[in-house]
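This report describes a two-part reading of one model, taking up a sheet, its central strand, the charged pairs and the contact between chains. The sequence and the structure are shown first.

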Amino acid sequence: MPVAIKAENISKAYQLGEFSTGTLSQDIERAWYRFRGKEDPFLKIGETNDRTMKGESNIVWSLRDINFEINQGDAVGIIGRNGAGKSTLLKLLSRVTTPTTGSIKVRGRIASLLEVGTGFHPELTGRENIFLNGAILGMRKHEIKKRFDEIVDFAGVERYLDTPVKRYSSGMYVRLAFAVAAHLESEILVVDEVLAVGDAEFQSKCLGKMGDVSKGEGRTVLFVSHNMASIQQLCNKGILLLNGKLVDSGDTESIIKHYLKLSANNSLITQNNIEIDENTVLEEFKLTENIRQFEKIEFVLKISSNLAGNVKDLKLVLESEFGERVCVVDLRGEYVENRNEHGAVIVIKGRLVNVPLLPGMYSAGIYIETTLLKRDIMPLGVFEILNENQFGEQYSRKLTGHISINLEV
Amino acid sequence: MTEILTEKVVAEENWDLEIRPQNSLFNLHLRDVWQYRDLLLLLVRRDFVAFYKQTIFGPLWFFIQPIFTTIIFTFVFGRMAGISTEGVPPPLFYLTGTVAWNYFSECLTKTSTVFRDNASIFGKVYFPRLIMPLSIVISNLVKFSVQFLLFLLMLAWYKVDGLILNTNYYILLFPVIILLMAMQGLGWGLIVTALTTKYRDLAFLVAFGVQLIMYATPVIYPLSSVPEKHRYLIELNPLTGLIETFRHGFLGTGQFYGQAFGYSIIMSVIVFIAGLIIFNKVEKNFVDTV
């Protein structure tokens with residue numbers, strides 16, 4: 001398979017904060033430095049993009065030295081937390097802005113879908129907007145004409161074709177917009193999280209269409225989403241970004257696993273002390289990492305509070321890798337009530353026995369209700385149910401679903 | 001960390017596109033612009049359709065603005081101030097100036113906000129940015145044609161009425177004048193819009209500056225009525241030669257100021273090229289600053 005996209009050392013710096021004040025004098029200063037052949041003093045090297053830390057300069061590297069290659073026909077999911085640089089990467093690929101350093105080489109036409117309905121004019125009819133939007137996305141008029149019926153068919157808005165789109169329902173609007181984009185004749189399709197709109201039926205239709213695009217038509221797709229389920233469904237490759245750096249790339253499954261581990265490690269458990277509210281602190285949380293099905297999960301939970309009777313409710317929560325809540329373990333009872341005296345520490349050392357979860361990655365956290373607030377603290381840890389049953393036999397394929405129930409006859 | 005997604009393929013180095021930090025200042029992507037010519041036409045069409053949708057008079061509105069401007073100019077500058085119109089009926093004199101001036105000023109004011117007005121589109125999808133200002137110039141050209149028709153109608157009406165005009169061969173320069181005005185409107189507009197991505201102040205300056213410049217251009221008065229001593233000031237305005245020649249060709253007023261016209265040509269070309277280069281430089285990263 002030939003390479004469709006090759007990124008070499010791409011970085012992107014952004015200036016933080018206000019632009020207006022002092023811009024002119026800074027510009028003159030920078031121009032003066034460049035004029036003398038010195039390095040731009042405002043691009044300080046070495047600052048990473050961690051939004052939780054306070055940086056020294058007001059330049060931040062949204063992407064840093066990214067290298068990758070993408071083969072033709074691959075569907076690649078770009079994964080990372082908010083602010084990891086995913087959108088910046090898509091912006092560079094779709095040529096909305098240019099990298100600060102490095103280069104991206106591309107074979108074929110790129111069509112980007114960072115937003116549906118870019119350039120739709122509310123006063124124009126559906127028909128007129130199909131042509132306008134198609135042209136904005138880089139299609140020639142005759143190409144649009146050729147695929148016009150397909151587009152209308154896919155969007156399912158035939159009756160409203162000659163109505164201004166300002167009278168469309170938001171669902172119809174999105175359907176039409178996506179339909180135009182999905183029928184682009186480009187070799188590479190770059191898609192941001194645009195599928196968060198529309199009803200479930202249309203969403204699966206879009207995913208199906210994008211699957212066709214990569215598998216059936218041999219086009220390359222780059223896809224950013226927070227929804228791991230759709231990434232898994234659509235992509236065969238993944239790229240994991242963390243604070244503007246590429247930390248892993250490979251097949252989707254392993255990248256998603258890596259991401260989930262990362263997000264758990266990064267989420268405060270390393271600090272051990274998580275403030276729940278002003279009176280309550282989660283001091284410790286521990287969990288068994290890998291078990292087989294129907295084995296037990298051991299956990300330790302330590303909460304301290306300087307108010308009597310502060311903790312009203314406490315539950316252990318397990319979620320699937322796609323963020324669906326799978327089960328809840330009620331921890332109320334003598335643990336909470338009896339030890340909840342003034343300045344007391346609640347320590348629960350427990351075991352979940354006969355865990356009936358199917359193989360896969362899960363994350364664990366707690367739900368807590370105090371006199372001040374109710375909140376989920378997720379994820380505190382990630383564990384894996386290994387792909388074998390209690391007798392050590394491997395399942396031949398990955399099962400979908402989350403729970404298996406033992407049968408007695 | 002350098003990890004390669006799949007086994008590296010020794011690919012032949014024929015890439016279709018290379019995205020780099022700083023392209024050459026003079027690479028204007030004109031081939032791209034040509035590729036997107038359908039978009040240019042669709043945008044022009046959009047401007048029109050959107051303009052007269054849900055109006056009663058529709059395209060008639062294009063007539064109304066110059067007619068009222070002419071009436072007011074006739075009243076204020078013709079009757080009250082009594083400024084010379086070189087023997088031509090004041091309404092005809094003012095309409096000529098207004099129609100020509102409007103084309104330039106609309107090109108300038110509309111292109112000067114291109115980045116700001118289209119920030120949301122430019123931030124989401126790539127197409128040659130130059131398409132947008134070009135579509136503005138062409139939209140305005142269509143609008144100008146409609147208004148020019150009004151001017152021709154008025155001219156014909158006066159002729160039928162028995163007015164003798166000194167229409168002469170300089171009328172043949174008409175297409176050149178329009179082209180030069182488009183180049184200047186576009187050029188200045190591109191410079192302003194490029195600078196306003198960082199310095200918003202300029203947008204305010206343009207909004208009333210254009211009105212002031214009209215008075216520094218022989219639109220409502222002939223160049224000949226300007227006192228000798230100050231005439232060079234008006235002649236420094238690169239639009240002076242164009243408006244004067246336009247009126248001279250059609251109405252036979254004044255004379256052909258060869259020097260002013262030559263100066264206008266040179267300035268138009270300079271402004272146009274400078275605008276293209278500055279716009280091209282800013283276009284690539286303006287999304288980060290706007």
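Two strands are taken to pair if DSSP finds at least two bridges between them. Helices (H or I, at least four residues) and strands (E, at least two) are DSSP runs, numbered from the N terminus. The model is a predicted one, in which local features need pLDDT of at least 70 and side-chain atom pairs count only at pLDDT 80 or more, whereas totals for chains, interfaces and linings use all residues. Residues are numbered from 1 along each chain as its sequence is written, chains are lettered from A and ligands numbered from 1 in the order in which they are written, and side-chain values use heavy atoms, with hydrogens and water left out.

**Chain A and its sheet**

Chain A has 9 helices and 18 strands. Of its 409 residues, 53% count as buried, where buried means under 20% relative accessible area, exposed over 50%, and partly exposed in between (1.4 Å probe, protein chains only). Contact means heavy atoms within 4.5 Å. Among contacts in chain A between residues at least 6 apart in sequence, those joining residues at least 24 apart make up 68%.

An open sheet of 6 strands in chain A follows the order β5-β6-β7-β3-β8-β9, with mixed pairing. Strands β5 (110–113) and β9 (245–251) of chain A are at the edges and have a single partner strand each, so one side of each is left without a neighbour in the sheet. From one strand to the next, the twist averages 15°. Axes are lines fitted to C-alpha atoms, for helices over the stretch in contact, and angles run from 0 to 180 degrees between N-to-C directions. Helix α2 (residues 86–93) of chain A packs on this sheet and touches β3 (75–79), β5, β6, β7 and β8 (237–242) of chain A. The direction of this helix makes about 135° with that of β3(A).

Strand β6 (residues 188–191) of chain A runs parallel to β7 (residues 220–224) of chain A, and 4 bridges join them. Within this pairing, A:Val191 has A:Phe223 of β7(A) as its bridge partner.

**Strand β3 of chain A**

In β3(A), 5 of the 5 residues are buried, so the strand is largely enclosed by the rest of the structure. In a regular strand the side chains alternate between the two faces of the sheet. Here A:Ala75, A:Gly77 and A:Ile79 point one way, while A:Val76 and A:Ile78 point the other way, and all are buried. On one side, β3(A) pairs with β7(A) in the parallel sense over 4 bridges, and A:Gly77 stands opposite A:Phe223. The strand β3(A) also runs parallel to β8(A), joined by 4 bridges, with A:Val76 opposite A:Lys237.

**Salt bridges**

A salt bridge is a side-chain nitrogen of Lys or Arg within 4 Å of a carboxyl oxygen of Asp or Glu. Over all chains, a search of the whole structure finds 18 salt bridges. Four of these pairs are listed below.

| Pair | Closest N to O |
|---|---|
| A:Glu8 and A:Lys6 | 3.6 Å |
| A:Lys237 and A:Asp74 | 3.5 Å |
| A:Arg109 and A:Glu143 | 3.3 Å |
| B:Arg45 and A:Glu128 | 2.9 Å |

A:Lys237 forms a salt bridge with A:Asp74. This pair links distant parts of the chain, with A:Lys237 in strand β8 and A:Asp74 in the loop between β2 (59–71) and β3 of chain A, 163 residues apart. Both A:Lys237 and A:Asp74 are buried.

The side chains of A:Arg109 and A:Glu143 also meet in a salt bridge. A:Arg109 lies in the loop between β4 (101–106) and β5 of chain A and A:Glu143 in helix α4 (residues 141–155) of chain A, so the pair ties together parts that are 34 residues apart in sequence. A:Arg109 is partly exposed, at a relative accessible area of 34%, whereas A:Glu143 is buried, at 10%. Salt bridges that share partners join A:Lys6, A:Glu8 and A:Lys105 into one network. Within this network, A:Glu8 is partly exposed at 26% and A:Lys6 is buried at 13%.

**Contact between chains B and A**

In the interface, 48 residues of chain B are in contact with 61 residues of chain A. The area buried between the two chains is about 5,100 Å², of which carbon and sulfur atoms give 56%; buried area is the accessible area (1.4 Å probe) that two parts lose on being put together, summed over both. Between chain B and chain A there are 3 salt bridges, and B:Arg45 with A:Glu128 is a salt bridge between these chains.

B:Asp38 is found in helix α2 (residues 37–52) of chain B and is buried, with a relative accessible area of 14%. Not counting residues up to four places away in sequence, B:Asp38 touches A:Arg140 and A:Lys141.
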